[in-house]
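Good morning, and thank you for coming. Please take a moment to look over the sequence and the model, and then we shall go through them together.

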Amino acid sequence: MHIEIPRDESQESQELAVQIEQSFTDPMEAGGDPIVDIVANADDVVRVKQRTKTMQRRAGGSEVLSATFAQLVPGLPFADSFEKAPEKNFVFLIPGDEELFVGGGALNGAVGLKLQKDGKQPLGFSIDAKGEVEKIADQNTGKMVPKYDHQKCPYAKLHRFLYEKARRAKETVVEELSDFHGAPLLFASCRSYKDTAEPFGAAFLTIFKKVNRPYSPKNVGLCYTVGALGRNKRAEGEEAASAAREALVVKDKKKFLKEIFMTGTNCMALITHYNQKHANKKLADGTVLPRIEVFRSPIVAGGTFMHPDVTPEATALSLLWGYQAKVEDKSPALELMPEAAMKNAYQKIQDRVGPDSDMLYEEIEQELAEM
């Protein structure tokens, strides 16, 4: 977030504005009234609160988040990741793994299968002579699952390549327009809010070549993210979680929710940046990059990675608040998967959001207090 300071303001006022900007840079850490705690003079409080309203408006804090819910697949209790005939240009969010592959198990695997079978993308699933997915017994549960080799997935290599750049330029979007490591793409980008070796919380955006879009040319790409690790577990069909991985688990539930909030800000900021800078831009070969009109999102870290002491509803609320914080001009329409926890979290935002952005976190705090 950035505050524009008029040239005729005093040095003291400029220093004050910087302090306030810092207090809103990480609102999850703020306690009490971040303005009143900094400003003692009553006149300054009024003036600075006026400035802060503008800051909150830019961050989405003064606006109630607007979203719709995906429709259920006829006859089934869930919505699909990609529609067969979407009306608008569409991107789906995959809650992925820190190994950064597309495929494997859970929702990541389900989307990966669509991309390999319908989008003709080389992702690492084994397909037999009849065109069917080969299956093997999961090493932990014995359940038959698709046979998958994540080392053959080009997205894993591409995502790691992008993340190594992004973690050295925190909160800056890094982009790639040519070297996609074998993935059939037109564009790729990444944003991270931290510089750790593991990519938890990072967001990746990839735009498919038209011939590699599943079902419809309007299914233009993926947003991929790695939610905070609430427990040391992996989905069926993936390699077992190692004991060393336990050190990556975020055991403090408040820190876990903060990570989910920051993940939401990364995803929305990344997609919005693409729409602002690249939508409808013509590439060297004449191909036009599509504008992302709809962003469909499930809960992140509400399943395999879910923290044992945090409800899916509180996780969803943190994610939605993160989205709200980065909604700007040219952000896509937000469409949510119709899970009960997501619906409940969204309704809380509609019912209780106020003019101050930190009121939403008070809702998360209340959820925690009731656990």
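E313 is buried, because its relative accessible area is 18%, and buried means under 20%. Please bear in mind that we are looking at a predicted model. With which residue does E313 form a salt bridge? The partner is K348, and the closest N and O atoms are 3.3 Å apart. This pair links distant parts of the chain, since E313 belongs to helix α6 (residues 312-325) and K348 to helix α7 (residues 340-352), 35 residues apart. K348 counts as buried as well, at 16% relative accessibility.

The structure holds 11 salt bridges in total. Let us turn to another of them. The side chains of E83 and R296 meet in a salt bridge, with 2.6 Å from N to O. E83 sits in the loop between β1 (67-69) and β2 (90-95), whereas R296 sits in strand β9 (residues 294-297), so the pair ties together parts that are 213 residues apart in sequence. Is each partner buried or exposed, or something in between? E83 counts as partly exposed because its relative accessibility is 26%, while R296, at 2%, counts as buried.

R296 also meets the side chain of E335 in a salt bridge, at 2.5 Å from N to O. Here R296 in strand β9 is paired with E335 in strand β10 (residues 333-336), so parts that are 39 residues apart in sequence are tied together. At 15% relative accessibility, E335 counts as buried. R296 therefore takes part in a salt bridge with E83 and in one with E335.

Some salt bridges share partners, and in this way R160, E164, R167 and R168 are joined into one network.

We now come to helix α4. How far apart should the ends of its 13 residues be? At 1.5 Å a residue, helix α4 (residues 154-166) should span 18 Å, and its end C-alpha atoms are indeed 18 Å apart, which agrees. Several residues of α4 are buried, among them P154, Y155, L158, L162 and Y163. What do the buried residues of α4 pack against? They pack against four strands, namely β5 (174-176), β6 (185-191), β7 (203-208) and β8 (219-225).

This brings us to the interior. In soluble globular proteins, nonpolar side chains tend to be buried together. The largest nonpolar core here has 81 residues, and those that touch the most other members are V102, L205, F295, L320 and Y323. Helix α5 (residues 253-277) supplies the largest share of this core, 8 residues. Take V102 as an example: leaving aside neighbours within four places in sequence, V102 is in contact with residues including I94, L115, L123, Y148 and L222. Two of the buried residues of α4, Y155 and H159, are also among the contacts of V102. There is a second, separate core of 5 residues, which includes Y193, F261, M262 and W321.

Finally, let us consider the protein as a whole. The protein has 8 helices and 10 strands. Of its 371 residues, 52% count as buried. Among contacts between residues at least 6 apart in sequence, 68% join residues at least 24 apart. The accessible surface comes to about 17200 Å², and carbon and sulfur atoms account for 49% of that surface.

Notes
Residues numbered from 1 in each chain as written. Predicted model: local features only at pLDDT ≥ 70, side-chain atom pairs only at ≥ 80, totals over all residues. Heavy atoms only, no water. Salt bridge = Lys/Arg side-chain N within 4 Å of Asp/Glu carboxyl O. Buried < 20%, exposed > 50% of the residue type's maximum accessible area, 1.4 Å probe, protein only. Expected span 1.5 Å × (residues − 1). Contact = heavy atoms within 4.5 Å. Core = buried A, V, L, I, M, F, W, Y, C linked by side-chain atoms within 4.5 Å. Areas by Shrake-Rupley, 256 points an atom, 1.4 Å probe, with all protein chains shown as cover.
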